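Subject: Structure handover

Hello,

Here is the structure you asked to take over. Please open it first and keep it beside you while you read the notes below.

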Amino acid sequence: MDVLDSVVTGAGQAGLSASFHLRRLGLEHVVLDADAAPGGAWQHRWDSLTMHDVHGVADLPGLEREGGDGADRANEAVPAYFADYERRFDLPVVRPVRVERVERDGDLLVVRADGRAWRTRTLVNATGTWTHPFWPHYPGMETFVGEQVHTAQFPGGEHFRGVRTLVVGGGASAVQHLGELAPVTDTLWVTRRPPVWRTGEFTPEAGHEAVALVEERVRQGLPPQSVVSVTGLMLREQEREAERLGAYADRRDPFVRVEPDGVRWADGTFEPVGAIVWATGFRPAVAHLAPLRLRSEHGGIQLDGTTSVADPRVQLVGYGPSASTIGANRAGRTAALGVRRALRAVPEAAPAP
């Protein structure tokens with residue numbers, strides 16, 4: 001079994017960017033991707049999400065994305081772009097490979113998946129968050145007779161036509177779901193805290209400030225927050241009809257339990273609903289890194305840039321401030337440089353007999 005310079009886990013925006021820069025540096029690596037086809041998390045998004053709806057997909061390094069039609073489905077357009085990118089740069093993607101564990105073996109790391117193993121001097125983790133949706137627990141959830149879905153399985157607003165739908169969550173996904181749902185059915189919105197709306201223009205300077213706040217959290221080893229959590233919420237033109245219908249005006253504080261046909265608050269108030277959409281976000285998909293013991297005492301993985309403080313052989317991209325598409329591109333280059341730096345500090349290991 002040969003020893004690689006690096007293994008990249010995940011072939012989304014961050015993983016492909018990292019692979020591109022690793023190749024430019026002449027570093028031998030593979031990209032292990034759990035999906036059967038290119039596209040990262042984008043291929044799993046709901047059919048009604050169009051390129052007009054998304055918050056922006058940054059061009060991968062070295063290849064501009066063709067404009068296309070804003071009406072194109074995002075779960076087709078972005079995967080097609082990623083597939084073209086992999087082909088053009090002949091990136092060493094191996095799929096489908098679902099990484100189960102990463103372990104230390106002296107100066108090497110061993111990546112284990114599907115009964116196979118890859119020995120490597122460094123690791124670039126780019127597994128993102130999509131495969132780790134967060135479902136909060138409320139008493140009675142299991143008794144609800146209607147449909148419950150998370151953003152990760154959201155089938156589009158039309159699916160709920162005529163079914164009173166509760167949306168739980170205070171982020172951009174909740175706002176977007178309500179934008180689709182309100183024109184076709186009655187909605188109810190619940191958030192843990194009042195939403196903070198951004199009224200001013202979202203300038204590059206504001207974006208840099210938001211990213212800096214998230215970077216500071218991971219620098220301290222705290223669990224990362226999304227960039228959106230510190231930028232505030234904005235309504236786009238496609239959500240103005242939902243606004244006119246009052247979908248964002250009547251927000252409620254959290255209920256205390258779920259009942260078979262609705263939800264109940266502590267004061268006894270009950271609201272009947274036929275479906276619940278849990279727009280409650282995602283958590284970093286890093287369980288396979290548990291054997292490396294990278295977490296700090298504060299519950300997050302402490303990073304210096306993209307480099308794990310606990311083990312400098314490990315880079316994390318698509319984590320914290322690099323979870324956005326622009327951030328993922330920049331992090332890919334930073335991670336590749338981090339890999340080169342770590343290789344210079346680690347003695348070469350002999351191939352296994």
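Does Glu86 count as buried or exposed? Glu86 counts as buried, because its relative accessibility is 9% and the cut-off for buried is under 20%. Please bear in mind that this is a predicted model.

Overall picture

The protein has 353 residues, and 49% of them count as buried. Its secondary structure consists of seven helices and 19 strands. Take the contacts between residues at least 6 apart in sequence: 67% of these join residues at least 24 apart.

Salt bridges

Searching the whole structure gives 20 salt bridges. Glu86 takes part in one of them, with Arg95 as its partner, and the closest N and O atoms are 2.9 Å apart. Arg95 has a relative accessibility of 22%, so Arg95 counts as partly exposed.

Asp311 is worth finding next. The side chain of Asp311 meets that of Arg104 in a salt bridge, at 3.2 Å from N to O. This pair links distant parts of the chain, with the two positions 207 residues apart in sequence: Asp311 is in the loop between β18 (307-308) and β19 (314-316), and Arg104 is in strand β5 (residues 101-105). Asp311 counts as buried because its relative accessibility is 4%. Arg104, at 39%, counts as partly exposed.

Asp311 also forms a salt bridge with Arg313, where the closest N and O atoms are 2.9 Å apart. Both Arg313 and Asp311 are buried. Elsewhere on the list, Arg164, Asp186, Arg252 and Glu271 are joined into one network by salt bridges that share partners.

Thr165

Thr165 belongs to strand β10, which covers residues 165-168. The relative accessible area of Thr165 is 0%, so this residue is buried. A polar atom of the Thr165 side chain lies 2.7 Å from the backbone oxygen of Val163. Leaving aside residues up to four places away in sequence, Thr165 touches Phe160, Leu181, Thr185, Asp186, Thr187, Leu188, Ala275 and Val277. Asp186 in that list is also a member of the salt-bridge network described above.

Arg251

Arg251 lies in strand β12 (residues 251-252). Which residues does Arg251 touch, not counting residues up to four places away in sequence? They are Trp189, Thr191, Arg193, Pro194 and Pro195. With Thr191 there is a polar contact between the two side chains, at 2.9 Å. Another polar contact, of 3.0 Å, joins the side chains of Arg251 and Asp253. Arg251 and Arg192 are 59 residues apart in sequence, and their C-alpha atoms are 10.0 Å apart in space.

The cavity

Rolling a probe the size of a water molecule over the atoms shows where empty space is left. How many cavities of 30 Å³ or more does the structure hold? It holds one. The largest cavity has a volume of about 40 Å³. Its lining is made up of Asn125, Thr127, Gly128, Pro284, Ala285, Val286, Leu316, Val317, Gly318 and Tyr319. Of these lining residues, six are nonpolar, four are polar and none is charged.

Regards

Definitions and conventions: Residues are numbered from 1 along each chain as its sequence is written. This is a predicted model: local features need pLDDT of at least 70, side-chain atom pairs count only at pLDDT 80 or more; totals for chains, interfaces and linings use all residues. Side-chain values use heavy atoms; hydrogens and water are left out. Helices (H or I, at least four residues) and strands (E, at least two) are DSSP runs, numbered from the N terminus. Buried means under 20% relative accessible area, exposed over 50%, partly exposed in between (1.4 Å probe, protein chains only). A polar contact is a pair of N or O atoms within 3.5 Å; within protein, one must be able to donate a hydrogen and the other to accept it, and residues adjacent in sequence count only if both atoms are side-chain atoms. Contact means heavy atoms within 4.5 Å. On a 1 Å grid over the protein atoms alone, a cavity is a set of points where a 1.4 Å probe fits but cannot get out, and a pocket is an open set with protein on both sides within 12 Å along at least five of seven lines; lining residues have an atom within 4 Å of a point. Grid points are joined across faces, edges and corners, and a volume is the space filled by probe spheres set on the points. Ala, Val, Leu, Ile, Met, Phe, Trp, Tyr, Cys and Pro count as nonpolar, Asp, Glu, Lys and Arg as charged, and the others, Gly among them, as polar. A salt bridge is a side-chain nitrogen of Lys or Arg within 4 Å of a carboxyl oxygen of Asp or Glu.
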